[in-house]
2 protein chains.
Amino acid sequence: MKKLTDAVLLVGKSADCPDVEYVSGFRAVDQVVFLQAGWKQYLVVPELELGRARRETESSAFRDHYPDEKWEVEVFSPKTLGLGKQHRARLSEWAFKLLQKADVTKGVTVLPQFPYGIAHRLENMRIKITAAKEELFPERAVKTADEIAKIRQSQQAAVIAMRTAIAAIADSEIDRDGFLRADGKPQTSERIRRVIEKVLIEHDCFCRDIIVAGGVQGADPHEMGEGPLRAHEAIVMDIFPQHLKHGYWGDLSRTVVRGRAGSNLRRMYSAVRAAQTAALGSIRAGVKSATVHQRAVAEFKRRKFRTGAENGRPFGFIHSTGHGVGLAIHEAPSVGLAEGRLKSGNVITVEPGLYYPDIGGIRIEDTVVVTPQGWRYLVPCEKRLEV
Amino acid sequence: MKKLTDAVLLVGKSADCPDVEYVSGFRAVDQVVFLQAGWKQYLVVPELELGRARRETESSAFRDHYPDEKWEVEVFSPKTLGLGKQHRARLSEWAFKLLQKADVTKGVTVLPQFPYGIAHRLENMRIKITAAKEELFPERAVKTADEIAKIRQSQQAAVIAMRTAIAAIADSEIDRDGFLRADGKPQTSERIRRVIEKVLIEHDCFCRDIIVAGGVQGADPHEMGEGPLRAHEAIVMDIFPQHLKHGYWGDLSRTVVRGRAGSNLRRMYSAVRAAQTAALGSIRAGVKSATVHQRAVAEFKRRKFRTGAENGRPFGFIHSTGHGVGLAIHEAPSVGLAEGRLKSGNVITVEPGLYYPDIGGIRIEDTVVVTPQGWRYLVPCEKRLEV
C-alpha cells in the first residue's frame, strides 16, 4: 500500500485472497467485501458470519504494524448495510453500497485478480478502478510475533511428519530386486504420502500434493511421485502444510536414500548442503535477496555442477533459492534474481536443489526467520542422506 | 455458453476456476490460460506442465457432450507460444498472445470473476471483454458417466467416514454428567473430526471444515462444532470430501443422538426424514427444482414446524433443499426457490434440516443422480437417530 489514504477494495475469501484475512483479521470461508480508507476498515460478511466477524476483526496482523493509530473497524452484513432483499446475494451490490457508506466516491485500488464483473459494475457507477502494480500490503512480508508462532505450528507439523516418513523409509526392507517393502507390501510414494498426511492431520494441518518422488521422478521438482520406491536412489520429500484453523503455512524438504547412495548422489547431496549453508550464511536484514540466491549458485559452480537444458529438459539448479511463507505458501519476498532486500521478520524458505534427468533430484529446504544479525530456524530438522 | 461460436477466455487454476478443468480436461495446479473458439480449444500451461497437459487434454467432460464434433485442442507453454523471456511470467501476455495466435481479435466472453488486471490489459489492446451473465458451460450440471463415477468415489469415502464416526459416537461411554467419553478421555467434536479425516485420507479424499456440531451448536448450519459432546443431544455431521486426484466432491450429512433422544428431537428427526422422503419423491427429469424444495417446505408446515427469526437469529428450515455437486461443492442446479428444471444426469444434494437455537439442529443429506423417471442414490447410507 503506497499511502494509507488510498482507498483499497478487496473481494474474496481467505483461500484465494489472503490479503482479506491479513488486513481485517477475519478468516473468510465464503466471499466477503473489504474496504480500507485511511485508518478505517469496513468488512461485509454473510449474515450468519456477523458474530464471528466482529470477534475476529478485533485484531489483525496488518494493524499490528500500526499499534499507535486509532483504527476503526466496522462490520456489516448485506442486511445491516441496508441492502434490499433483491440485492443481498450480489457481491457487486455489497461493494457499491459499502463505497457509498464509507463516502468513497472517486476511486479505489484493487488487486490485479479483482473480479472483472464487480469492477465493471463499479466503473459503470463512475468509480475509478486502479489495479495495483505492486503488493497492496508490503507489511505482509514482515511477520509479527503472532504470525511467526502460527507459521511455527505448521512447520512443527511438517518436521514431525518428515521424521515419521523418514523412519518409515529407514524401516523398509530391501528385496532382492532392490525395491523397498514394509509389512509384506511394496513401499510406495503413495503409502509414504499417507503416513505424512496422517501426522499432519494429528496436528490440525493439511498438505495437498505432498511430494514423495523416488529415483528419476525426483529430477522434476514439480513431480509428486508415484509407485514403488527403490533402495539406493534419492527420494525427495517436500511437505508444505497449511494449518486448518489459522491458515498459515510451513515448508520443509528433505532427500534421503534407503541403503547406500552412489558417488554421484553423495556428491550432489554434499553440494546442496553446502549451497544451503552458503545461502543461509549470507542471510541477515538488509542483504539483497539476490545475494542469497547467488551464494547458492556460486557454490554449485565451484563444484562444477552444470545448469542448463537438453532436449527441452532443464537440469542442474533450476529454480530460485526460496520464497516467503505466510498466509500463502508462496509470497513475498522471493529469494531469486529479483530486486529487493531482506527485512527482519521475513519468513523465507532456503531450498537449493540439483536435478539431473538420468539420476534424480536432491533438495534440502528449511524455513527460517530473518533477524537483524542473521537468521534462525523456525523448527530445526536433521539432514542426513542415507537411512 | 450461448453459442459455441462465442470465444470464451478463462484464466485460473482448478481450485478457483473449475471450468478450466471441465472444458479442457487439464487439472490445473497453477494458473493457466484457456481459450475456446468454435470447436477449437487452446490451453497455455507452465513449461514444466506441457507433457501432462497434452495427456490430460485428450478428453474432457465438456467435450464428451459433443462426441460427434471434430474438436481440435492445442496446448502451449509461454515459450512455445512464442513469448519472449521478459513476458513469460505474465498471464496477461499469455492471454494476449493466445488471442493473436487463435485470431480472436474482436472480443471474448469471460466469467464475472475473471481477473480485472488481465481484462484491463486486453481492453487496452482493443479487445472487447464481456462478463457472462449466466454459466458459461451449462453442460456442467449434466454429468457424464465418467463424472458420476468420480463423484461416487468421493461419496463412498464420505459414507465410510460417516459410518466410522457414528460407530465412534455409539461406542462412547456416557459419564455421570452426561458427557461422552472414549479411551478414558472426553469425546469431542475435534476427535470425531479427526476420525473422519483419517478415513477420508485412506480413500484419497480430503474435507476442510467437516461439521461435527453437538447440542445447540448444531442450530447454526455453518457452525463446525467444538468441544465435548454430550449424550441425549443431537450431533449434526456434514462431510463433503473432495477427491485429491480428480477433484470431484461428495456431500453427506447425518444427525445422531448417543443415548435417548427427547420427544422434541424425535419429532424433528421424523419431520426431516419425511421432508427428505417427500422431496426425493418429487425428483425426476423435467420437474421444477422449486417443486422439490416446496415439497420439503410443505412437509414441515404440515407438521407445524415454524420457520422465521427471533432476535436476529433464524430458526426452522432456513436453507434451500439442495445444490449440484461436481468439480465444485456448490454448483448448478440449485434446489431452492430459483427457476429451472431438473435434468437427467444432474447430481444434487437433498438436505432438508430444522434448526432451533434452544434445541439444536437436525439435517439429513444425501447426494443423488436425477434420472428420466426418478433418481438414485450415489451411495446409500443408513439413517438412524439414536445410537
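Here a trainee and a mentor talk through the helices, sheets, domains and chain contacts of a predicted model.

Trainee: Let's start with the domains. Into which domains is chain A divided?
Mentor: The split comes from a domain assignment. Going along chain A, you get domain 1 (8–140) and domain 2 (142–377).

Trainee: How far apart do the C-alpha centres of domain 1 and domain 2 of chain A lie?
Mentor: Don't mix up centres with contacts here. 10 residues of domain 1 of chain A are in contact with 10 residues of domain 2 of chain A. The C-alpha centres of the two domains, though, lie apart by 36 Å.

Trainee: And how many charged residues are on the side of domain 1 of chain A that touches domain 2?
Mentor: Sort that side by class. It has 3 nonpolar residues and 1 polar one. The charged residues there number 6.

Trainee: Now the two chains. Which elements of chain A each supply at least two residues of the side that touches chain B?
Mentor: The contact involves 24 residues of chain A and 24 residues of chain B. On the chain A side, the elements that each give at least two residues are helix H4 (116–124), strand E6 (128–131) and helix H6 (189–202).

Trainee: How many residues of that side of chain A are nonpolar?
Mentor: Take the other classes out of the way: 4 residues are polar and 7 are charged. The nonpolar ones on the side of chain A that touches chain B number 13.

Trainee: Helix pairs next. Is H7(A) roughly parallel or roughly antiparallel to H8(A)?
Mentor: Look at the angle. The axes of helix H7 (residues 263–281) and helix H8 (residues 289–302) of chain A come within 8 Å and cross at roughly 150°. Angles over 145 degrees count as roughly antiparallel. So H7(A) and H8(A) are roughly antiparallel.

Trainee: How many charged residues does the contact of H7(A) with H8(A) have?
Mentor: From H7(A) come Ala271(A), Ala274(A), Ala275(A), Ala278(A) and Ala279(A), while H8(A) brings Val292(A), Arg295(A), Ala296(A), Glu299(A) and Phe300(A). By class, that contact has 8 nonpolar residues and no polar ones. Its charged residues number 2.

Trainee: Over in chain B, is the crossing of H5(B) and H6(B) left-handed or right-handed?
Mentor: First find the pair: helix H5 (residues 145–170) and helix H6 (residues 189–202) of chain B have axes that come within 9 Å and cross at roughly 145°. The handedness of the H5(B) and H6(B) crossing is right-handed.

Trainee: How many polar residues are in the contact of H5(B) with H6(B)?
Mentor: Among the H5(B) residues that meet H6(B) are Ala157(B), Ile160(B) and Thr164(B), and their partners in H6(B) include Ile192(B) and Val195(B). The contact has 11 nonpolar residues and no charged ones. Polar residues number 1.

Trainee: On to sheets. Which strands stand at the edges of the sheet E11-E12-E14 of chain A?
Mentor: Follow the order in this open, antiparallel sheet of 3 strands: E11-E12-E14. An edge strand here has a single partner, so one side of it is left without a neighbour in the sheet. That gives strand E11 (211–214) and strand E14 (252–257) of chain A.

Trainee: What is the bridge partner of Met237(A) in E14(A)?
Mentor: Strand E12 (residues 234–239) of chain A pairs with E14(A) in the antiparallel sense, over 6 bridges. Across from Met237(A), the partner in E14(A) is Arg254(A).

Trainee: Which strands of the sheet does helix H5 (residues 145–170) of chain A touch?
Mentor: H5 of chain A packs on this sheet, with its direction about 10° from that of E14(A). The strands H5 touches are E12 and E14 of chain A.

Trainee: There's another sheet, E7-E8-E9 of chain A. Which residue stands opposite Pro186(A)?
Mentor: This open sheet is antiparallel too. Strand E8 (residues 180–182) of chain A is joined to E9(A) by 2 bridges. Opposite Pro186(A) in E9(A) stands Arg181(A).

Trainee: Last one: where is Pro333(A) placed?
Mentor: You can spot it by its backbone: the peptide bond from Ala332(A) to Pro333(A) is cis, with omega near -5°. Pro333(A) belongs to strand E18 (residues 331–335) of chain A.

How values were computed: Residues are numbered from 1 along each chain as its sequence is written. Chains are lettered from A and ligands numbered from 1 in the order in which they are written. This is a predicted model: local features need pLDDT of at least 70, side-chain atom pairs count only at pLDDT 80 or more; totals for chains, interfaces and linings use all residues. Axes are lines fitted to C-alpha atoms, for helices over the stretch in contact, and angles run from 0 to 180 degrees between N-to-C directions. Helices (H or I, at least four residues) and strands (E, at least two) are DSSP runs, numbered from the N terminus. A crossing is left-handed if the near helix is turned anticlockwise from the far one by less than a right angle, and right-handed if clockwise. Two residues are in contact if their C-beta atoms, placed from the backbone, lie within 7 Å. Ala, Val, Leu, Ile, Met, Phe, Trp, Tyr, Cys and Pro count as nonpolar, Asp, Glu, Lys and Arg as charged, and the others, Gly among them, as polar. Angles under 35 degrees count as roughly parallel, over 145 as roughly antiparallel, 65 to 115 as roughly perpendicular and the rest as oblique. Two strands pair if DSSP finds at least two bridges between them.
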